[in-house]
Structures are given as C-alpha cells and as structure tokens.
Amino acid sequence: MRTRLLTLTIALAGAFAGGAFAADGMSKDAYKAAKDKIETQAKADKKACEAMKDNAQDVCEAEAKAKEKIAKAELDAQNKPGARADEKVRMTKAEGTYEVAKEKCEDQKGTAAEACKKDARVAYDKARADAQAKGASDTRAAGANKPKS
C-alpha cells in the first residue's frame, strides 16, 4: 500500500512538473504556426486599407502595422516568458499607439496638428516611462523571490 501511494505521488509530481516545463516555451512548430497566422492577419489588415483614401489609408496601415508588431512581441513573450519580454510588449504597444496617433494628427492643420503631435509625444513618453518602471519593478520582484545560495 505504501509503495503504491509513493508511486502515485511521484507520478503526479512528474505530471505537474512536466506541465511547468512545457509552459516555459512553445514548440518550434507551434511558434512558427502562430507567427504565420499573425503575418497572414497582417496582410489581410493591410489589404483592407487599400480601399481607403488619403490619410484614412495611412492611419489604417499604421494600425495594421502596430497590431502586427504587438502580436509578434506577445508571441515572443509567450514563447520566452520573462520580465524583459513583458517590457518589450509594453514598449511595442506604446510605440504602436504613438505611430497611430501621429498619423491621426495629420488630418488636422496648423497649430492643431502641432498640438496633436505634441500630445501624442507626451503620451508616448509617459507610456514608455511606465513600461520601463513596470519592468524594473518586475525585475526587482523576481530577484526578491529567488532563493539565496
């Protein structure tokens, strides 16, 4: 009886540990399939922009490009998780939002356009600072949780 219980305990521990190791990354095939799906979606998004005119097309293309970059950054973070990958996702989101905002500002004229671009830059700088601060706090928290040798 005791041997069965010990065997069952070891088997369950191995099963849970195996799941933990698998969560650290994706298989090459799964990663490639996900990346191909992102690229296919990006092509479809960009194709949808072709029907638009003038700055609306530029905004649409900026949104499609930002969406693709963010999806790839999130995929990389899923494949190789960690504080650095999470920070890259936050930075990519901030950059994407900034690029789209700049394109939207081009619909305006004169001082309104300049004010819009300035506001976009301020929002971008704040988002970058927040992303870096969050990354630094994540890194400190991860370091605090490590056992001392």
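In the predicted model, Lys93 has a relative accessible area of 38% and is therefore partly exposed. Its salt-bridge partner is Glu74, with 3.5 Å between the closest N and O atoms. This contact joins distant parts of the chain, since Lys93 belongs to helix 4 and Glu74 to helix 3, with their positions 19 residues apart in numbering. Glu74 is likewise partly exposed, at a relative accessible area of 37%.

A total of 10 salt bridges was counted in the model. One of them is formed by the side chains of Lys72 and Glu39, at an N to O distance of 3.4 Å. Here too the pair links distant parts of the chain: Lys72 lies in helix 3 and Glu39 in helix 2 (residues 28-49), and the two are 33 residues apart. Lys72 has a relative accessibility of 25% and so counts as partly exposed, and Glu39, with a relative accessible area of 28%, is also partly exposed. Both residues take part in a network of salt bridges that further includes Lys46 and Glu68.

A salt bridge within helix 5 connects Lys126 and Asp130. The closest N and O atoms of Lys126 and Asp130 are 2.9 Å apart. Because these residues stand four positions apart in the helix, about one helical turn separates them. Lys126 is exposed, with a relative accessible area of 52%, whereas Asp130, at 43% relative accessibility, is partly exposed.

Aromatic contacts amount to one pair. The ring centres of Tyr98 and Tyr124 are 4.6 Å apart and the ring planes meet at 15°, so the pair is classed as stacked; the cut-off for this class is an angle under 30 degrees. Tyr98 is located in helix 4 (residues 83-105) and Tyr124 in helix 5 (residues 110-145), so that the pair links parts of the chain 26 residues apart. Both Tyr98 and Tyr124 are buried.

The largest pocket encloses about 150 Å³ of space. Its lining consists of Ala62, Lys65, Ala66, Lys69, Thr92, Glu95, Gly96 and Glu99. Helix 3 (54-79) and helix 4 are the elements that each supply two or more residues to this lining. In terms of residue class, the lining of the largest pocket comprises four charged, two polar and two nonpolar residues. Helix 3 and helix 4, which contribute to the pocket lining, are also the helices that hold Glu74 and Lys93, respectively.

Definitions and conventions:
Residues numbered from 1 in each chain as written. Predicted model: local features only at pLDDT ≥ 70, side-chain atom pairs only at ≥ 80, totals over all residues. Heavy atoms only, no water. Phe/Tyr/Trp six-rings, centres within 6.5 Å; stacked < 30°, edge-to-face > 60°. Buried < 20%, exposed > 50% of the residue type's maximum accessible area, 1.4 Å probe, protein only. 1 Å grid on protein atoms, 1.4 Å probe; cavity = no way out; pocket = protein on both sides within 12 Å on 5 of 7 lines; lining within 4 Å. Points joined across faces, edges and corners; volume = space filled by probe spheres on them. Nonpolar A, V, L, I, M, F, W, Y, C, P; charged D, E, K, R; others polar. Salt bridge = Lys/Arg side-chain N within 4 Å of Asp/Glu carboxyl O.
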